[in-house]
Amino acid sequence: MSGCGCKTKDNKDVNIICRCEDITLEEIRAYIYDKGITDLEQLRRLLRVGMGPCQGRTCTPLIVREIAAATKEPVSDVPLTTFRPPTTPVKLGVLAGGDDND
Amino acid sequence: MIKTADAVVIGGGIIGCSTAYNLAKMGLKKVVLIEEKYIASGATGRCGAGMRMQWGTEPNAVLARDSVAMYETLEEELEYDDSIELKQEGYLLLAYNEKMVEQFHKNLGLQHKLGIPSRWVTPEEIKELVPHINLQGLHGATFCPKDGHCNPFKATDAYAQAAKRLGVEILTYTRVTKLLKEGDKISGVETTKGTILSPLVISCAGAYTRELGRMVGVELPIYPERHQILVTEPVEKLQGPMVMSFYHGIYCQQVPHGGFIMGLGDPNEVKDYNIKSSWQFMHEMAAKITFILPILKNLRVVRQWSGLYDLTPDKTQILGAIPEVPGFFVAAGFSGRGFMIAPVVGKLMAEVMLGQEPEYPIDMYGVKRFESGQLYVEPSVV
């Protein structure tokens, strides 16, 4: 993967995979290879990948590809996490309705 | 495949992981933990991530008080290389009528007897603690600065990792299909990944404990109740304390990451295992929270989910041996407080399972109380 121009404090190249939560490919690989976590559900909860406003739209396919590479399974066999409402972030005030909501 | 174990723990939530860790720490060599999905996939990982000592019965207040103290040093005890995100900025329990004022003062009396640093706060003091609160209808509140937040995924992971290092085998994506008996006694479990023979089996499976009990002919008074939660986008720090209203049946806190987590349950809902999300919840939650904390109306909801309370008739947990089935133990029925009392519960259960005198007497939490009528009816549940 080519670099995105982002650097760590000690000037190393990093690739940001989860843009909402600012999680890098390097961090994700450390969890997959060093800690042996290849369950997307677990990665989400421990790293917060896919937990931000976009709900994994950008990072999920990229992480699934990393998991598939690590487990040597086809990408289609990597279980996805539950898609939860709302499909796009909605303000609480809008959900609450009210006098000026028409 | 048949294997043997010294103890089998059913359930990979924080209660199961804490119990398995304590069993191994106390010297059991072969402890196997069985989890149907992944660690913290059930009630633990779906909870509101709060912990409070402000309870209305002594059994609950004591377990919470001592567990919060254990959470304060948990990272060191479990040698966790990550953070469990402990934040102690208090819980504010709002009183909207005279009856609540009276109940809260009763609770404060009990809490003070137990050394819990809670106090009554006037509407003016509430405003100091949470400046953006709407005081309409408020008579006052109680506040305990030691209450707060902890990350359920991380805390459970901390216990699971520590348990593994002590030799506990954790089987995820494994379902218990049968509890085995020899005569009256428990003798093991049958799972989707083979049979495990064990003289000690404990169910830490939340509401599913009722189904496990039925496998050995025991009817446990535990009922699933769906509770729903939503989380907003993260923002700069705005709110220290958890705000809780028994009147509205809701709670709301800003977690260290920045998002606001808020939830409620509907006590009139059918008691089943449904954990789907409903759109009605979003509207109800949004309406209630924008009344209490109007400033939140500009925050965007990014996700909603739901989970199950494992309720008992008196909303106090069932802990201990099941007398009809020697070797079978239960730690369930937490009625929404399992996460916050897990450090002490895991220790107590390990002591009881190994035939040691537990640190506190736990007979009062036994299932027999529902026959004798010695109940501990908890008034302070959302």
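**View 1. An open sheet of nine strands drawn from chains A and B.** In this predicted model, the strands follow the order 5(A)-18(B)-14(B)-17(B)-16(B)-15(B)-5(B)-7(B)-6(B), with mixed pairing. Strands are DSSP runs of E with at least two residues, numbered from the N terminus, and two of them pair if DSSP finds at least two bridges between them. Strand 5 (90-91) of chain A and strand 6 (119-121) of chain B are at the edges with a single partner strand each, so one side of each has no neighbour in the sheet.

**View 2. Strands 16 and 17 of chain B.** Strand 16 (residues 250-254) and strand 17 (residues 260-265) run antiparallel and are joined by five bridges. Ile261(B), in strand 17, is the bridge partner of Gln253(B).

**View 3. Helix 7 of chain B.** This helix (a DSSP run of H or I, at least four residues) covers residues 152-165 and reaches 20 Å from first to last C-alpha, close to the 20 Å expected at 1.5 Å a residue (1.5 Å times one less than the number of residues). Eleven of its 14 residues are buried (under 20% relative accessible area, 1.4 Å probe, protein chains only), so the helix is largely enclosed by the rest of the structure. Among them are Phe153(B), Tyr159(B) and Ala163(B).

**View 4. The two ends of helix 7 of chain B.** At the start, a side-chain oxygen of Asn151(B) comes to within 2.9 Å of the backbone nitrogen of Phe153(B). Just after the helix, Gly167(B) has a positive phi of about 100°.

Residues are numbered from 1 along each chain as written, and chains are lettered from A in the order written. Local features need pLDDT of at least 70, side-chain atom pairs count only at pLDDT 80 or more, and side-chain values use heavy atoms, without hydrogens and water.

How values were computed: Buried means under 20% relative accessible area, exposed over 50%, partly exposed in between (1.4 Å probe, protein chains only). A polar contact is a pair of N or O atoms within 3.5 Å; within protein, one must be able to donate a hydrogen and the other to accept it, and residues adjacent in sequence count only if both atoms are side-chain atoms.
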